[in-house]
Amino acid sequence: MAGRVIFHIDMNSFYASVEQAHDPSLKGKPVAVAGNEKERRGIIVTSSYEARAKGIYTTMNVGEAKRKCPDIILLPPDFAKYRVASAAMFAILRSYTHLVEPVSIDEGYLDVTESAKKKHPMQLAEEIQQRIFHELDLPCSIGIAPNKFLAKTASNMKKPRGITVLRKRQITELLWPLPVLEMHGVGESTSKKLQALGIYTIGDLANAQERVLQKEFGKNGVRLHKRANGEDGREVDPNAIFDTKSVGNSTTLPRDETEYYILKETFEKLSRSVAERLKVKYLAGTTVSIQIRNFEWQNQTRSKSLKTALQHADEIFEIAWSLFLEHWDETPVHLIGITVSNVVDQADLTKQLNLFNFEQHIKDEPIVTLVDNMEKKFGKGVIQRGVRVKKKSYASNTSFSKDFLEDHHQK
């Protein structure tokens, strides 16, 4: 294969497979990892292929899953266990190249261009797949392509334990006939907007006028047009996972809720959780957004941007709660989410004096003067305000949290 050789590794039914690896008696049986049915978090997070063969799918309600498959084995999520398995899987990948980019707890990209000069990409992929299976007892699929988009697409073509090569010259035959919704990066909302423009297949998207897509979708429209034509110049970047753009958390309420004090307590709890995760990641952000899903599963999002970045729970709560009160029509609430975005490293913040932090700056002034005098005498940087210590976060123990990425910091 000429040019770059990119692998996309996608673990198959990861959570369920980890459970089966830990308890071999579960192998060959319909297993599903699911939320707590009594607390209304009762949806299927993932399921084994035996369960999928009986019609079980991710996001299915647990009650429906039981009716469809009475012998299904339901297990609660054990994220500590999954993080250990994920770290072991990525350790195997890094034994082949340092160019490994984790995308989520169970998938990542590898740039094996250099390794492929010594060993055929198919042999390399088979070796990686076999090692993960024999050493960790976990199945995976691997996509091989000249760029990240095509590699991701290829890994989805054959599951479980498939290895698929997808070359750019094959896209007209293999990708263009597919519905545009099946393209990586296109969701339900984007698909409907594309269909309104007469774009129904990936081929339609590839042959659409770029200026029309840009007008409708902005930069993302241009990006989708290029991807549909098999173009993707993104590098495999091991540090990309640390480029956090937002920090958030959400929760499904025990029941569709209208009680003021319960909703307020939930907002306070989520604000503390988001603040803790910001603190752990040394981040602060200028935009607070809330997501509200009502009892009919209709979603509503509202946001507010500030001139100065915030990170504390009381600040986040004040804005999130006011947004909620301003827009809530007293419809029963099913889910609440809070996100802080447009984040920056706390060390990069330029503090602005205002009525709230003026007194703190006055208190700090003698210390600042002392530091200035010490640096004049002994040199710049002789005294530092504090040492950044890596901290673990347990603020969000959910399958959708990206806190697992802390495991990839090089020690």
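Biologist: Let me start with a single residue. In which helix is R227 found?

Modeller: This is a predicted model, so keep that in mind as we go. R227 is found in helix 11, which covers residues 219–228.

Biologist: Is R227 buried or exposed?

Modeller: The idea is to look at relative accessible area: buried means under 20%, exposed means over 50%, and partly exposed is in between. R227 comes out at 13%, so it counts as buried.

Biologist: Which residues does R227 touch, leaving out those up to four places away in sequence?

Modeller: There are F149, M183, D232 and R234. Two of those names come back in a salt bridge: D232 pairs with R234, with the closest N and O atoms 2.7 Å apart.

Biologist: How do I read a salt bridge?

Modeller: You look for a side-chain nitrogen of Lys or Arg within 4 Å of a carboxyl oxygen of Asp or Glu. In the pair we just met, D232 is buried at 9% relative accessibility, while R234 is partly exposed at 32%.

Biologist: How many salt bridges does the structure hold?

Modeller: It holds 14. Try the one between D71 and K54, where the closest N and O atoms are 3.1 Å apart. D71 sits in the loop between helix 3 and strand 4, and K54 in the loop between helix 2 and helix 3, so this pair ties together parts that are 17 residues apart in sequence. D71 is partly exposed at 42%, and K54 is partly exposed too, at 40%.

Biologist: And what separates E135 and R131 in helix 5?

Modeller: About one helical turn, because they are four residues apart in that helix, which spans residues 121–136. E135 and R131 form a salt bridge with the closest N and O atoms 2.8 Å apart. E135 is partly exposed at 47%, and R131 is partly exposed at 26%. You can also look for a network: E19, D78 and K81 are linked by salt bridges.

Biologist: Now for sheets. In what order do the five strands of the open sheet come?

Modeller: When you read a sheet, go across the strands rather than along the chain. Here the order is 5-6-1-7-8, and the pairing is mixed. Strand 5 (100–104) and strand 8 (163–165) are the edges, each pairing on one side only. From one strand to the next, the twist averages 15°.

Biologist: How many bridges join strand 5 to strand 6?

Modeller: Four, and these two strands run antiparallel. To find your place in that pairing, spot V100, which stands opposite L110 in strand 6.

Biologist: What packs on this sheet?

Modeller: Helix 4 (residues 79–94) does, touching strand 1, strand 5 and strand 6, with its direction at about 155° to that of strand 5. Helix 6 (residues 148–155) lies across strands 1, 5, 6, 7 and 8, running at about 145° to strand 7.

Biologist: Can we zoom in on strand 7? Which residues does C140 touch?

Modeller: C140 lies in strand 7. Its contacts include I9, D10, M11 and N12, as well as R161 and G162, once residues up to four places away in sequence are set aside. C140 counts as buried, at 1% relative accessibility.

Biologist: I've also seen antiparallel pairing further along. How many bridges pair strand 9 with strand 12?

Modeller: Eight, in the antiparallel sense. In that pairing S246 stands opposite S341. Strand 12 also pairs with strand 10 (residues 283–294), again antiparallel, over 11 bridges. There, S289 stands opposite T339.

Biologist: What about backbone angles? What is the phi of N342?

Modeller: A positive phi in a residue other than glycine is something to note. N342 has one of about 55°, and this residue lies in strand 12. T59 has a phi near 80°, and its place is the loop between helix 2 and helix 3. T59 is exposed, at 53% relative accessible area.

Biologist: Where is there a cis peptide bond?

Modeller: Check omega. The bond joining K159 and P160 is cis, with omega about -10°. P160 is in the loop between helix 6 and strand 8.

Biologist: Last one: which residues make the nonpolar surface patch of about 320 Å²?

Modeller: Y260, Y261 and L325 make it. Y260 is in helix 12, and it is partly exposed at 43%.

Conventions: Residues are numbered from 1 along each chain as its sequence is written. This is a predicted model: local features need pLDDT of at least 70, side-chain atom pairs count only at pLDDT 80 or more; totals for chains, interfaces and linings use all residues. Side-chain values use heavy atoms; hydrogens and water are left out. Patches are made of residues with over 30% relative accessible area and no salt bridge: like charges are joined within 9 Å, nonpolar side chains (Val, Leu, Ile, Met, Phe, Trp, Tyr) within 5 Å. Accessible areas come from the Shrake-Rupley method with a 1.4 Å probe; for residues, only the protein chains shown count as cover. Buried means under 20% relative accessible area, exposed over 50%, partly exposed in between (1.4 Å probe, protein chains only). Two strands pair if DSSP finds at least two bridges between them. Axes are lines fitted to C-alpha atoms, for helices over the stretch in contact, and angles run from 0 to 180 degrees between N-to-C directions. Contact means heavy atoms within 4.5 Å.
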